[in-house]
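Here is a short set of exercises to work through with the model open beside you. Try each task before reading its solution.

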Amino acid sequence: MMETLGKMPKKIATSGTRSKDYFNRYGDLKRVKRMRFWPLERVLVERYGFTEPDAKGLADFLRPILDFDPENRPTAAECLKHAWLNN
């Protein structure tokens, strides 16, 4: 997820019961030295063959759902109101 969505917030990365096994005190992954950022839109186009407009629409729909912080994620009712579903 971090490759696609960006760095996980330190608060989230360090809050788990086993977070010390995977993250350092700065919220960086311990065993991953280099991570290539691959935005969700590019993944959809390059790996799954979506067109640019379709990839942008789906990514706009998915990105809030995939937010690292559960409190920031939309509810199912909010997701149903998204423009991408109503095309």
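**Exercise 1: a pair of helices**

R42 and E52 form a salt bridge whose closest N and O atoms are 3.0 Å apart; the term stands for a side-chain nitrogen of Lys or Arg within 4 Å of a carboxyl oxygen of Asp or Glu. Before you start, note that the model is predicted: local features need pLDDT of at least 70 and side-chain atom pairs count only at pLDDT 80 or more, while totals for chains, interfaces and linings use all residues. Residues are numbered from 1 along each chain as its sequence is written, and side-chain values use heavy atoms, with hydrogens and water left out.

Task: Work out which helices R42 and E52 lie in, and whether R42 is buried or exposed, or something in between.

Solution.
- Step 1. Place the partners: R42 lies in helix α4 and E52 in helix α5, so their salt bridge ties together parts that are 10 residues apart in sequence. Helices here are DSSP runs of H or I with at least four residues, strands are runs of E with at least two, and numbering starts from the N terminus.
- Step 2. Check accessibility. R42 is partly exposed because its relative accessibility is 27%, and E52 is partly exposed as well, at 46%. The classes are buried under 20% relative accessible area, exposed over 50%, and partly exposed in between, with a 1.4 Å probe and protein chains only.
- Step 3. Look for networks: E41, K56, D60 and R63 are joined into one by salt bridges that share partners.

**Exercise 2: salt bridges from the loops**

Task: Find how many salt bridges the structure holds, and describe the one between D28 and K7.

Solution.
- Step 1. Count them: the structure holds 8 salt bridges.
- Step 2. Take the D28 and K7 pair, where the closest N and O atoms are 2.8 Å apart. D28 sits in the loop between α3 and α4 (40–46) and K7 in the loop between α1 and α2, so this pair ties together parts 21 residues apart in sequence.
- Step 3. Classify D28: a relative accessible area of 32% makes this residue partly exposed.

**Exercise 3: two domains meeting**

Task: Describe how domain 1 and domain 2 meet, starting from what the domain assignment of the chain gives.

Solution.
- Step 1. Set the bounds: domain 1 covers 1–37 and domain 2 covers 38–86, as given by an automatic or database domain assignment.
- Step 2. Compare positions. The centres of the two domains, taken over C-alpha atoms, are 22 Å apart. Across the boundary, 13 residues of domain 1 are in contact with 8 residues of domain 2, contact being heavy atoms within 4.5 Å.
- Step 3. Turn to area. About 860 Å² is buried between the domains, and carbon and sulfur atoms give 73% of that. Buried area is the accessible area (1.4 Å probe) that two parts lose on being put together, summed over both. In domain 1, T4, L5 and F37 lose the most area to domain 2, together 49% of what that side buries.
- Step 4. Add the salt bridge: the rule finds 1 across this interface. The side chains of K11 and D69 meet in a salt bridge at 3.6 Å, N to O. 
- Step 5. See which helices supply the domain 1 side: α1 (2–5) and α2 (10–13) each supply at least two of its residues that touch domain 2. The most comes from α1, with 4 residues.

**Exercise 4: a closer look at D69**

Task: Is D69 buried or exposed, and which residues does D69 touch?

Solution.
- Step 1. Locate D69 in the loop between α5 and α6.
- Step 2. Read the accessibility: D69 is buried because its relative accessible area is 12%. K11, by contrast, is exposed at 56%.
- Step 3. List the contacts: leaving out residues up to four places away in sequence, D69 touches K11 and I12.

**Exercise 5: S19 and D54**

Task: Decide whether S19 is buried or exposed, and say what joins the side chains of D54 and T51.

Solution.
- Step 1. Start with S19, in helix α3 (residues 19–22). S19 counts as buried because its relative accessibility is 9%.
- Step 2. Move to D54, in helix α5 (residues 52–65). D54 is partly exposed, with a relative accessible area of 44%.
- Step 3. Join the side chains: D54 and T51 share a polar contact of 3.1 Å. Such a contact is a pair of N or O atoms within 3.5 Å; within protein, one must be able to donate a hydrogen and the other to accept it, and residues adjacent in sequence count only if both atoms are side-chain atoms.
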